[in-house]
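Here is my note on the model, point by point. Please read it with the coordinates open.

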Amino acid sequence: MNRRMKLGSRAKLILLLFVPSTLFVFFVVQIAKDYTLGFLRETQNEALAGMSSQVTHLITIYNNEITYNMLELEQTIKQEGGAGESLGSAMHTAAQIRSDFVRGIVYIRKDGVITGYPQNFWGNFSEKEEQLVRKQAQASSGVFEWSNTIRSDIGRTGAYGPTSLVTKTVFDEAGSPSGYLAFLVDLSAFLERSAAFAGSYDTQTLLYDSDDKLIDYIWASPSGGAKEFIAEKNAETLDQALRYFKQAGIYHSVSYMKTNLRWKVIVVGDVNKLESRFKPLGQIAWSLLLFGLIGFLGIYVTVSWWFTRPILALTKGIRKVARGDLEAKVRVKQRDELGELAHQFNQMTVKISDLVAGLQRTEEAKRQSDMQVLLSQINPHFLYNTLNTIDIMVDVGTKRELHDMMEVLCRLLKYSLDDNQQPPLAEELRYAADYLHIQSVRYGSRFRFRIEDPPPELARMPVMKLVLQPIVENAVFHGLHALEGRAGELDVAVRSEDRGMVIYVRDNGVGIPEERLALLRQALREDAAPGGGHGIGVLNVHRRIRLHFGERYGLSVRSEPGEGTTIAIVLPRLEAAGRRVANE
């Protein structure tokens, strides 16, 4: 009697696993041959795009810093009358703040008097350069304007390095032009501080001006022996460079600046050198085959212990959790009742671990937030400007004005050094009023402020310390400081509403552009950093409120460009001991 040959269960299992595993390996090898290099190219294109965006972002930041320094110097010019040793000292200070790329400063008074830093350069200031400053500043109608590239021997690269004159017309208190202020910026250093480099292949960053002409370029190599691989003759203009890159098949990314500079940045990557270092795909195939066999053996062992192994693993995991090890995991790959049980067990331990870690992060964030408040209660820059204002008042102010200024500063210092982290609302409003008083005196009463007296029951209510000052500071510097043609106004009012106690800060300043307002609102919703580097103080206050009182509270912003901004600070109504009122 002939018996039919039968395969055992183990042999069937081996065949069942071997056939799909082999097919899988060959399938992966085929895909690797077709798409590995394509994926590499796509990844590097994205990396280059990120680097070019980073360069434009950094240049925008440095542009804003130069603008802020010029505004500070403009105030000194108005105070000093456009001449004198104090103006030269202020120019020296402004140049040292950004000494890496600010090479010189000059102020041409309307009557022709020139004050500059450094004196050995501006002392030989030519009539041609003087006319350039005058013409550019007059044409810009009071805003900041960057000149086309000027080849100057005062730049970082030596003789005839690329520089640019940043100009602005200075107006007197009557609104009439009193002179022209100009900064000489070293564009080579500007690019060097902003350029982005890859770590695995050569990169070259090229900077073009608003007329699409090459300003300067910089290159780097991971080997340290950097050499340019894009010759200057092939990239003298933006169109010429783009045509050359397309013909030569060179990886590149272009980023356009949306600021008044209107510069363009190209980051070029020598990705071909990176591709040449890749090993043949045959070695990748052998590696995949090896990993496939290892995976096959692992699956075989797992299936062999199909019933006993998951039970033992689950028991061991429960014991570890009972001993306090919340990182314990049960590794069961079966898709049956035991597998589902192990999965839910792992999910439970992850949630417990996340809850514990979340509590730790919250407590640490609160501690760091409180510490940050203590460390930064008095801004050294603000204190310096206040003392400088007092020094000026000694010479030109009355005794009563000087006494009032000193009294306000003493109250600010006393409030800042007080250990009480939840003072009454009346004290917080008084602190904000003192701060606004100093800023109003410092800027020559360019704006008026009004802080309404809150109802008595709210005036006694405790609030988080320094929750209002960063908001009014933001309103002064970003809303009212740039206001022209009308007086600035800032109002602070307190209301009791269903959602809690609300402090409204309103100004009639320049407002927030729609795009930046959308980014700020998104940052408030997601507790993320706002774009463009603006709104940091507002976001810090928002985070502190949410950390202490929850997501029901925080800040909201309404703004209309050219009309003003309103920020609502929503806080809980607290009892004297810091507890929330029961009806909330």
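1. Two strands count as paired if DSSP finds at least two bridges between them. By that rule β7 pairs with strand β8 (residues 214–220), antiparallel, over six bridges. Within this pairing, T203 has A220 of β8 as its bridge partner. Keep in mind that this is a predicted model.

2. β7 has a second neighbour. Strand β10 (residues 264–269) also pairs with β7 in the antiparallel sense, again over six bridges. Here T205 sits opposite V267 of β10.

3. Is strand β7 enclosed or open? Take the burial count, with buried meaning under 20% relative accessible area. Six of the six residues of β7 (residues 203–208) are buried, so the strand is largely enclosed by the rest of the structure. In a regular strand the side chains alternate between the two faces of the sheet. In β7 both faces are covered. T203, T205 and L207 are buried on one side. Q204, L206 and Y208 are buried on the other.

4. Two hairpins deserve a look at their backbone angles. The hairpin of β7 and β8 has five residues between the strands, and D212 there takes a positive phi near 65 degrees. The hairpin of β1 and β2 has four residues between its strands. In that hairpin G112 takes a positive phi, near 100 degrees.

5. On the pairing behind the β1 hairpin: β1 and strand β2 (residues 114–117) run antiparallel and are joined by four bridges. Y107 stands opposite T115 in β2.

6. Now the aromatic rings. A pair needs ring centres within 6.5 Å, and planes between 30 and 60 degrees apart make it tilted. The count comes to four aromatic pairs. In one of them, the rings of Y62 and F101 have centres 5.4 Å apart and planes at 50 degrees, so this pair is tilted. The pair links distant parts of the chain, 39 residues apart. Y62 belongs to helix α1 (residues 9–80), while F101 lies in the loop between α2 (85–97) and β1 (102–109). Both partners fall under the burial cut-off: Y62 is buried at a relative accessible area of 8%, and F101 is buried at 0%.

7. Another pair is F549 with Y553. Their centres are 6.4 Å apart and their planes stand at 80 degrees, an edge-to-face arrangement. Both F549 and Y553 are buried.

8. F549 also belongs to helix α17 (residues 536–549), whose length can be checked. At 1.5 Å a residue, the 14 residues of α17 should span 20 Å, and the end C-alpha atoms are 20 Å apart, which agrees. The buried residues of α17 are V538, L539, V541, H542, R544, I545 and F549. An α-helix has 3.6 residues a turn, so residues three or four places apart point the same way. After α17 comes G550, with a positive phi near 105 degrees.

9. One charge sits over a ring. K168 lies over the face of F144, at 5.8 Å from the ring centre.

10. Finally, a loop residue. Where is E484 found? E484 is in the loop between α15 (469–480) and β12 (488–497). With 63% relative accessibility, E484 counts as exposed. The C-alpha atoms of E484 and G509 are separated by 9.1 Å, with the two residues 25 apart along the chain.

Technical notes. Residues are numbered from 1 along each chain as its sequence is written. This is a predicted model: local features need pLDDT of at least 70, side-chain atom pairs count only at pLDDT 80 or more; totals for chains, interfaces and linings use all residues. Side-chain values use heavy atoms; hydrogens and water are left out. Buried means under 20% relative accessible area, exposed over 50%, partly exposed in between (1.4 Å probe, protein chains only). Helices (H or I, at least four residues) and strands (E, at least two) are DSSP runs, numbered from the N terminus. Rings of Phe, Tyr and Trp (its six-membered ring) pair if their centres lie within 6.5 Å; planes under 30 degrees apart count as stacked, over 60 as edge-to-face and the rest as tilted. A charge sits over a ring if NZ of Lys or CZ of Arg is within 6 Å of the ring centre and within 35 degrees of the ring normal. The expected span of a helix is 1.5 Å times one less than its number of residues.
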